[in-house]
Amino acid sequence: MTRVALVGTGVVGGSWALVFARAGLEVAIHDADAAAAGRVIDFARTALADLAAQGIAAKEPADAVLARLSVAPSLERALETADHVQESVPERVEIKRALYRTLDAVAPAATVLASSTSGLPASAFTEGLAGRARCVVAHPINPPHLVPLVEIVPAPWTAPETVERTTALMRAIGQSPIRLRREINGFVVNRLQSALLAEAFRLVEDGVVDADEVDRAMTDGLGLRWFFLGPFQTIDLNAKDGVAEYCRNLGPMYYDLAREQADAREWNAALVARVESELRRTVPADALPARRSWRDRVLATLGTVKQRIAQEAGG
Ligand SMILES: NC(=O)c1ccc[n+]([C@@H]2O[C@H](COP(=O)([O-])OP(=O)(O)OC[C@H]3O[C@@H](n4cnc5c(N)ncnc54)[C@H](O)[C@@H]3O)[C@@H](O)[C@H]2O)c1
C-alpha cells in the first residue's frame with residue numbers, strides 16, 4: 001500500500017484527500033494552518049454525503065474512507081512514512097522553494113515529491129535540491145475528486161522513474177494522467193483553455209455576441225461533443241473519410257481564422273466589467289457558493305454517465 005502525505009490542504013488539497021482515501025490509501029495531512037488541516041475531514045465527510053444523497057454508489061461506507069485520513073502532528077510526522085507527497089501550498093514560488101528545501105531534507109529518499117502547481121514549472125522551485133530527480137508536477141483540475149485529469153510535468157532533471165511512478169499511482173487511484181514530455185508554460189489544459197478564453201473575450205469585446213451566447217455556444221454546442229470526444233476525435237467524425245479529409249476541406253479556413261486570432265489582447269477592466277455584469281444578472285455574487293455546489297453535483301452525475309458510456313459502448 002502506498003502512503004500519501006498531503007502538504008497544504010486548502011481548496012485543492014482537500015479534494016486530493018478524498019481522491020487518495022477513497023482509493024484505499026492512508027493519508028497524512030499537514031497544513032501550516034492547523035484549522036485548514038482539520039477542515040479537510042469535514043470537507044471529505046460532506047462530499048461523501050453529497051455523493052450518497054445523489055444516489056452515487058460508494059464502494060464502502062463513508063466512515064471507512066474517513067478513517068484513512070489523519071491530521072499529522074507535524075510536517076516531519078506526515079512525511080516519515082510517505083511514499084508520495086502531494087504538495088498543494090499557494091502558487092507563490094518563494095513559498096514552494098522554501099517548502100521543497102524542507103521536503104527534500106526530511107522525506108525518505110525514495111519518496112516522490114509531486115506538486116499541484118497550476119503554472120509554476122517544477123524547475124522554478126526544485127533546481128538546487130539534492131533530490132531534485134524525485135520532484136515532478138502532478139497538476140489536477142479542480143476539484144480532483146470529481147475531475148480525473150492530472151497533468152504530469154517533469155522538470156529537465158526529473159528522473160523517468162519519478163514520472164513512471166507518479167503516472168502509475170494516478171492511474172491506480174482512478175485519475176486520468178497525461179504525461180508532458182517537457183515543461184511548457186500553462187501545461188496543456190490551460191493552454192487549450194487560454195486559446196478558447198482569448199476568443200471568447202474577443203467576440204464579446206468586438207460586439208459579435210454577448211457573454212451568454214458565447215457560453216451557450218459551448219454548453220449547447222461544442223461542449224456536448226467535447227464531454228466525451230476530444231477535438232481530434234471530434235473532427236475525425238466530421239468528414240466521411242475522417243481527419244485527413246476534414247483537414248483538406250477546412251484546414252485553409254482554420255489557418256485564416258488562426259491568423260485573425262493572432263492579435264493577443266489584454267482582458268481590460270471595461271471588458272471584464274461587461275462580462276461580469278452579464279454573469280451577475282443570472283448568478284448574483286452571493287449565489288456563487290451555491291452555484292459551485294450545483295457544479296459539483298452536475299460533475300458527479302456526469303462522471304457516472306461517463307462510466308456508463310464507457311461500459312456500454314466502449315470508451
Ligand atoms: N484551486 C484550484 O482550482 C487549483 C487547481 C489546480 C491546481 N491548483 C494549485 O494547487 C496549489 C494550491 O492551491 P489552492 O487553491 O488549494 O490554495 P489554497 O490557498 O486554497 O490552499 C493553500 C493551503 O496551503 C497552506 N500553506 C501555506 N503555506 C504552507 C506551508 N509552507 N506548508 C504547509 N501548508 C501551507 C495554507 O494554509 C492553505 O491551507 C497551488 O499551487 C495552485 O496553483 C489549484
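**Note on a predicted model: strand β1, the α1/α2 packing and the ligand shell**

1. Strand β1 (residues 3-7) is largely enclosed by the rest of the structure, because four of its five residues are buried. Keep in mind that this is a predicted model.

2. β1 has a partner in strand β2 (residues 26-30). The two strands run in the parallel sense and pair over five bridges. For the register, take Arg3: this residue stands opposite Glu26 in β2.

3. Next, the helix pair. Two packed helices are described by the angle between their axes and the distance between the axes. For helix α1 (residues 11-22) and helix α2 (residues 34-53), the angle is about 65 degrees. Their axes are 9 Å apart. The crossing of α1 and α2 is right-handed.

4. Which residues make the contact of α1 with α2? From α1 come Gly14, Ala17, Leu18 and Ala21. They meet Arg39, Val40, Phe43, Ala44 and Ala47 in α2. By class, the residues of this contact are seven nonpolar, one polar and one charged.

5. Now the ligand. It is surrounded by 23 residues. The closest are Gly8, Gly10, Val12, Ser118 and Asn142. Two or more residues of the shell come from each of α1, α5 (93-106) and β6 (135-140).

6. Which element gives the largest share of the shell around the ligand? That is α1, with three residues. Helix α1 thus has two entries in this note: it packs with α2, and it contributes to the ligand shell.

7. The composition of the shell around the ligand is 10 nonpolar, 10 polar and three charged residues.

Technical notes: Residues numbered from 1 in each chain as written. Predicted model: local features only at pLDDT ≥ 70, side-chain atom pairs only at ≥ 80, totals over all residues. Axes fitted to C-alpha atoms, helices over the stretch in contact; angles between N-to-C directions. Left-handed = near helix turned anticlockwise from the far one by under 90°. Contact = placed C-beta atoms within 7 Å. Nonpolar A, V, L, I, M, F, W, Y, C, P; charged D, E, K, R; others polar. Near = placed C-beta within 6 Å. Buried ≥ 20, exposed ≤ 12 C-beta atoms within 10 Å, placed from the backbone. Pairing = 2+ DSSP bridges.
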